[in-house]
Amino acid sequence: MNNTELIIIFSSIILQASPLIIAVCGETITERSGVINLSLDGTMLMAAMTGFVVALKSDNVWVGFLAAAGVGMIFALIIAFGSIRLKQNQVAIGFVLTLLGDDLSSFLGQNYTRIPGPFIKKMAIPVLQDIPVLGPLFFDQNLVVYFALVLVALTWWFMFRTRPGLQLRAAGERPAAAFSRGVGVNRVRYLYTILGGALVGIAGAAYSLNVKLGWSDGHTRGLGWIALAIVIFGGWSPIRGAFGAILFGATKSLATVLQRRYPEVSVVAFNSIPWIMMIAVLLLVSSQFTDWLISVMPRRLQRPLHQLLKVSPPMALGTIFEED
Amino acid sequence: MKAPSRQLSPLLRIVEILLPFLATLAALLVGAVMLIFLGANPFEAYRSLLEGAFGSPNAVADTIVKATPLLLVALGICIAFRGGVINIGGEGQLVVGAVMATMVGLSFPDAPGWLIIPLSALVGFAGGAFWGGIAGFLKAQFNVNEILSTIMLNQIAVQCMNDLLRCPMIEPVQLQAASRIPQTARLAQAFDLPRLVPTRLHLGALIAVIVAVLVYIFLWRTVVGYRIRATGLNPDASRYAGIPVKRYIILSMLLSGGLIGLAGAIQVFGVHHRMFTDGSATGFTGSAGFNGIVVALFGQLHPLGAIPASFLFGALLVGANKLQRAMQVPAAFLTALNGLVVVFVVGSEFWRRRWSRLRRTEAMDTAAQSIGSEAESEVKA
C-alpha cells in the first residue's frame, strides 16, 4: 500500500465521518444544556428520508438540508416540550420517538427507495488543496465536510469561550445556581435542544445526500446510537467527539480492508467490531480504569492526562428543573 | 370547617382509567386519515382489523399467540425498569434465547419432547440472562450506560445470529439449493409445544400468564423482589440500608434478559419450529423486543397489567395484518400505525402521571390551607 492509497482511504474516512461529527456536535450541545435527546436514531432516519425526498422534488440539495434540519428541530421540540413543560422522562420520550422515526421513515419513504437523486458535488478549496497530505485530506472535499470541520471548532469556541456558552453549560451543570444568576434555564434548554436537533437533522441529510446516497429502508439505522455513544466517549466536548467519530470511521474501514484480505475469517467478526469497540470504549471511559491509569503515570503528566482523559457528564443531565 | 374535596370528578376518573384505550383510539383516528390519503375506506379497514383480531376462534387464537412473546418481554422489562435499569436490549436477548434453544432442539433430534422442551426453555432463559447480564454487569461494575450497551449488544446478537444461520446451523437442504435461505432445519415434531385447543394456540400462552403471576409475587411478596424495587426507587438509600445495590442491578438484568430469552425459546418451539433470519432482528422477533417495552409501559410496569396490555397489542398486530391484506394498503402502513399507537399510548401515560401529580399537589395545597385556616381560627379564639 503506497502513500496515495493511504491518503485516499483517510480522506474517505473523513468524508464518512462527517455526518457523525455533525450529529455528535448537535447532541453534545443538547446534552451540555441538561437534556438528553435519545431519539437520534429515529431523527436521523426521518431527516435522511426527508432530506433526500425534498432535494429530489425541488432538485436542490440545500432545500433538502433545510427540510432535514426542520425535521430534526421538530423531534427535538417534542423532547424539549415533553421534558420541560410536561416534566416527563426524557429517556422514555426519546425512545418512543426513535421507534416512531424508524417506522414513519419507512412508511413515508417507501416510494423513494433505491432511486438516484441529487447529491453534493465535490468542491476543492483553491490554494489549500495543494498542501501535501493535509490538502487532499481536508481541503479536497465538499461543503458538508467543511461544514462539519468548521462546526467542531465553532461549537468548542462557543461553548467554552463565550458568555452564552457559559450559560449553556451552567444550565446543564447547576441549573439552580444559573437560575439565581439570572439565566432562564428552561429557555436555554429549549433553545439548545432545538439547535442540537437541527444539527442532528442536517447529519441525517448528510448521509442521504453526501455519504450513502439515496434512500433505502433503515438507511442510517444504528448510526444514531453510535453517535450517542461517541458523545459519551468524547466527554461532552466537540473536539474529542469529532476525534471519536473519525476513530470509529477508521475502525470501520480497517475492518473492511481486513475482511478483503482475510476472507476466510467469518464476516460476523468484522461486522461486530464497531459495536464491540463501542462497548469497550464506553467501558474505558465510564470505569475507574482511567483513574488508575492516571495514578500510575509520572506525576508531571498527571494533570494534563487528567484533563485529557477524565470525563464526567453534565451534573444535571436528564433532570427536570422547576423555575420557582 | 369544611372538608376539602379531594376527589376528582367521577367523569375524569373514568377517563383516566380508560386513557390507554382512548389513546389507541386516537392513534387509529390518525391512521384513518392516513387510510383516506391511501385511497382506502377507513370504516371498512377497521372493520377488517377487528375481524382479523377477534372475528373467529382462530383469529382470537392468533391474537393470543402474538401476545405471548410480548407478554414475556414486557415482564422482563418490568423487572429491569423496576430495578432502575433501562433494558432496551430485548431484541438481542430474544434472539440469543431463541438461537440457544434451537441449538438444543437440533442437537438431540431423537430425544423425547418432555425432556427437550423444558431443557431448551431453560437454555433459552440462560441465553437471554447471559446476554442481559453482560449489560447489567457492565452497569453495576463499571458504570457503563445500559441504554447504549444493550443497543450495541442487540447489534452483536444479530450479527452472530446471521452468521450462525448462514453457515453452521443452516438447513442441509439449503446448502445444496442455490438460494441458500438462512434458516435451520425444522425441529422434530415431538418438540412442538402442545396445542391447547385445535387452533394455533399453544402452551406458551399459558406459561406466559403463569410467569406473569409469578413475577408479581416475586416483585411484591418476596424480600429479593422488594430489594430490586428499592434499588430502582432510590439506589443511594438502598445502599445505606445495607442492600448490595450492584448485585441487585445485575440480578434484575439477569432475570429480565432471562424472561425475554424464554420468550425467544417459546417462539421457536411454539410458533416457527425453526430459526430463520432476514438479516435484521425483526425478521424473527417481529420487533417484540421493542414492542414489549411499550406493552410494559402500557401496563404501567405492573406484571398483571401487562396481561391485558399484551392482548391488546397482539390484537392490533394480528388485525392490522388482516387489514393490510383486505385493503391492499402498503405494508409500511402497518409499521406506521404501530408507531402511532406507541406514541399515543406512551404519551397518554405521561398525561395520566401528570394529572395524578397535579392532584397530589392540589390535595397538599388544600390540606395546607385547611391547616392554615385552623391555625388562624385558633389565633382568633
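## Worked exercises on a two-chain predicted model

H273(B) sits in the loop between α11 and α12 (282-285) of chain B. Keep in mind throughout that this is a predicted model.

**Exercise 1. Work out whether H273(B) is buried, exposed or partly exposed, and say what its phi looks like.**

Solution.
- Start with the neighbour count: H273(B) has 19 C-beta neighbours inside 10 Å.
- A residue needs 20 or more to be buried, and 12 or fewer to be exposed.
- So H273(B) counts as partly exposed.
- Now the backbone: phi is positive, about 60 degrees, although H273(B) is not a glycine.
- That's worth a second look because most residues other than glycine have a negative phi.

**Exercise 2. Check the length of helix α2 of chain A, then describe what follows the helix.**

Solution.
- Helix α2 (residues 40-58) of chain A has 19 residues.
- The expected span uses one less than the number of residues, so at 1.5 Å a residue you should get 27 Å.
- The end C-alpha atoms are 26 Å apart, which agrees.
- For burial, 17 of the 19 residues in α2(A) are buried, so call the helix mostly covered.
- Right after α2(A) comes D59(A), in the loop between α2 and α3 (61-85) of chain A.
- D59(A) is another residue other than glycine with a positive phi, here near 60 degrees.
- With 10 C-beta neighbours inside 10 Å, D59(A) counts as exposed.

**Exercise 3. Find which residues touch the most other members of the largest nonpolar core, and follow A74(B) outwards.**

Solution.
- The largest nonpolar core holds 205 residues, and L20(A) and A74(B) touch the most other members.
- Helix α11 (residues 245-272) of chain B gives the most to this core: 16 residues.
- Next, skip the neighbours of A74(B) within four places in sequence; its contacts then include G292(B), V295(B), A296(B) and G299(B).
- A306(B), A309(B) and S310(B) are also in contact with A74(B).
- For background, nonpolar side chains tend to be buried together in soluble globular proteins.

**Exercise 4. Place A242(A) in chain A and list what it touches.**

Solution.
- A242(A) lies in helix α11 (residues 238-261) of chain A.
- It has 28 C-beta neighbours inside 10 Å, so A242(A) counts as buried.
- Leaving out residues up to four places away in sequence, A242(A) touches I21(A), V24(A) and V152(A).
- Take the V24(A) pair: these two are 218 residues apart along the chain, yet their C-alpha atoms are separated by 7.3 Å.

**Exercise 5. Describe the side of chain B that touches chain A.**

Solution.
- Count first: 31 residues of chain B are in contact with 33 residues of chain A.
- Elements of chain B giving two or more residues to this side are α5 (113-142), α6 (146-166) and α15 (332-380).
- By class, this side of chain B has 20 nonpolar, nine polar and two charged residues.

**Exercise 6. Sum up chain B and say how far you'd trust it.**

Solution.
- Secondary structure: 15 helices and zero strands.
- Buried residues make up 50% of the 381 residues in chain B.
- Among contacts in chain B with a separation of 6 or more, 79% join residues 24 or more positions apart.
- Confidence: the mean pLDDT of chain B is 85, and 88% of its residues reach 70 or more.
- The pLDDT is below 50 over residues 1-6 of chain B, a stretch with eight contacts beyond near neighbours in sequence.
- Where pLDDT is low, the predicted coordinates should not be read in detail.
- For the whole model, ipTM is 0.81 and pTM is 0.84.

Note on methods
Residues are numbered from 1 along each chain as its sequence is written. Chains are lettered from A and ligands numbered from 1 in the order in which they are written. This is a predicted model: local features need pLDDT of at least 70, side-chain atom pairs count only at pLDDT 80 or more; totals for chains, interfaces and linings use all residues. A nonpolar core is a set of buried Ala, Val, Leu, Ile, Met, Phe, Trp, Tyr and Cys residues joined through C-beta atoms within 7 Å. Helices (H or I, at least four residues) and strands (E, at least two) are DSSP runs, numbered from the N terminus. Two residues are in contact if their C-beta atoms, placed from the backbone, lie within 7 Å. Ala, Val, Leu, Ile, Met, Phe, Trp, Tyr, Cys and Pro count as nonpolar, Asp, Glu, Lys and Arg as charged, and the others, Gly among them, as polar. pLDDT is the predictor's confidence in each residue, from 0 to 100.
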